[in-house]
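Welcome, and thanks for taking a look at this one. Please have the sequence and the coordinates open while you read the report below.

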Amino acid sequence: MALDSRQRSVLLIVALLATLAAVYWARGLEQDESETAQVVTPASRSIPPRAVTDAPATPVVQSAGGLDLSRLQRAPSAQPGADLFGQPQIAVAAAPRSARGSASGGEMPEAPPPPPPAPPPLPFTYLGQLVEAGRTMVFLSTGDRNHVVAPGEVIDNLYRIDEIGASAVVITYLPMNTQQTLPTGAMP
């Protein structure tokens, strides 16, 4: 069904008129809803006795659907100039003392120091090893990079290969000088 240019123009004009009529009709619905909204004071509402609070007597706006629109309003801030994104001040209550207290005059013992930070997990995947002329090298991969390394070599100035064993590769994380093992999957 091919339309010539005249028929296409008539069809587009009819579609435009239908769209304008729908917009006009929808605008009339919005005006009808705003006219039906009413202000109801708390005294005229039927509230069960258990739901009565000491809230101030502010008018409650309800629409024809019975929705309480005043609940959408934001409560005023207790501190209007407060920093919204600052660190919250948390009050820590003192722990209750035991009946006898401690030997040092009733003071609470200090908490033990936090454990030392742990190195990140090894980013390497063991691919295999090669023994050539008495020298053992391992094949490791990190993401899309492959490394062929021997004991004593450093990878990215972060990891040093210390020892290559039958069941594991010992690697030192240089910023913290801690050793980690990467299992090779072979039985010891």
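## Overview of the chain

About 15800 Å² of the chain is exposed, and 58% of that area comes from carbon and sulfur atoms. Please keep in mind that this is a predicted model. The chain has 188 residues, and 13% of them are buried. Its secondary structure consists of one helix and nine strands, arranged along the sequence as α-β-β-β-β-β-β-β-β-β. Among the contacts with a separation of 6 or more, 21% are between residues 24 or more positions apart.

## The helix and its surface patch

Helix H1 covers residues 5-36, and Leu20 is placed in it. Leu20 also belongs to a nonpolar patch on the surface, together with Ile13, Leu16 and Leu17. The accessible area of these four residues together is about 410 Å². In general, nonpolar side chains of soluble globular proteins tend to be buried together.

## A four-stranded sheet

Let us turn to the strands. Four of them make an open sheet in the order E6-E7-E8-E9, and the pairing is antiparallel. Which strands stand at the edges? They are E6 (154-155) and E9; each has a single partner strand, so one side of each has no neighbour in the sheet. As background, strands of a sheet pair through backbone hydrogen bonds.

The pairing of E8 with E9 can be followed residue by residue. E8 spans residues 168-173 and E9 spans residues 178-183; the two run antiparallel and are joined by six bridges. Ile171 has Gln180 in E9 as its bridge partner, while Tyr173 is matched with Thr178 in E9. Together E8 and E9 make a hairpin with four residues between them. In the turn, Asn177 has a positive phi of about 55°.

## The nonpolar core

Now for the inside. The largest nonpolar core has 13 residues, and those touching the most other members are Phe124, Leu140, Ile161 and Ile171. At least two residues of this core come from each of strand E4 (135-142), strand E7 (159-164) and E8. Ile171, already met as the bridge partner of Gln180, is thus a residue to look at both in the hairpin and in the core.

What does Ile161 contact, once its neighbours within four places in sequence are left aside? Its contacts include the core residues Leu140 and Ile171. Val149, Ala150, Pro151, Gly152, Glu153 and Ile155 are also in contact with Ile161, as are Val169 and Val170.

## Salt bridges

How many salt bridges does the structure hold? There are three, and the table lists each pair with its N to O distance and the relative accessible area of both partners.

| Acidic partner | Basic partner | N to O distance |
|---|---|---|
| Glu153, 29% accessible | Arg135, 43% accessible | 3.2 Å |
| Asp156, 44% accessible | Arg145, 41% accessible | 3.2 Å |
| Asp162, 25% accessible | Arg160, 29% accessible | 2.8 Å |

The salt bridge of Glu153 with Arg135 links distant parts of the chain: Glu153 is in the loop between strand E5 (145-149) and E6, Arg135 is in strand E4, and they are 18 residues apart. Glu153 is also one of the residues in contact with Ile161. Both Glu153 and Arg135 are partly exposed.

In the salt bridge of Asp156 with Arg145, Asp156 lies in the loop between E6 and E7 and Arg145 in strand E5, so the pair ties together parts that are eleven residues apart in sequence. Asp156 and Arg145 are partly exposed. The side chains of Asp162 and Arg160 meet at 2.8 Å, and here too Asp162 and Arg160 are partly exposed.

## Positive phi in the loops

Backbone angles deserve a look as well. Most residues other than glycine have a negative phi. Ala133, however, has a positive phi of about 55° although it is not a glycine. Ala133 lies in the loop between strand E3 (125-132) and E4. Is Ala133 buried or exposed? With a relative accessibility of 84%, Ala133 counts as exposed, because the cut-off for that term is over 50%.

Asn157 also has a positive phi, near 55°. Asn157 is in the loop between E6 and E7, where Asp156 lies too. With a relative accessible area of 68%, Asn157 is exposed.

Definitions and conventions
Residues numbered from 1 in each chain as written. Predicted model: local features only at pLDDT ≥ 70, side-chain atom pairs only at ≥ 80, totals over all residues. Heavy atoms only, no water. Pairing = 2+ DSSP bridges. Patch = residues over 30% accessible without salt bridge, like charges linked within 9 Å, V, L, I, M, F, W, Y side chains within 5 Å. Areas by Shrake-Rupley, 256 points an atom, 1.4 Å probe, with all protein chains shown as cover. Core = buried A, V, L, I, M, F, W, Y, C linked by side-chain atoms within 4.5 Å. Buried < 20%, exposed > 50% of the residue type's maximum accessible area, 1.4 Å probe, protein only. Contact = heavy atoms within 4.5 Å.
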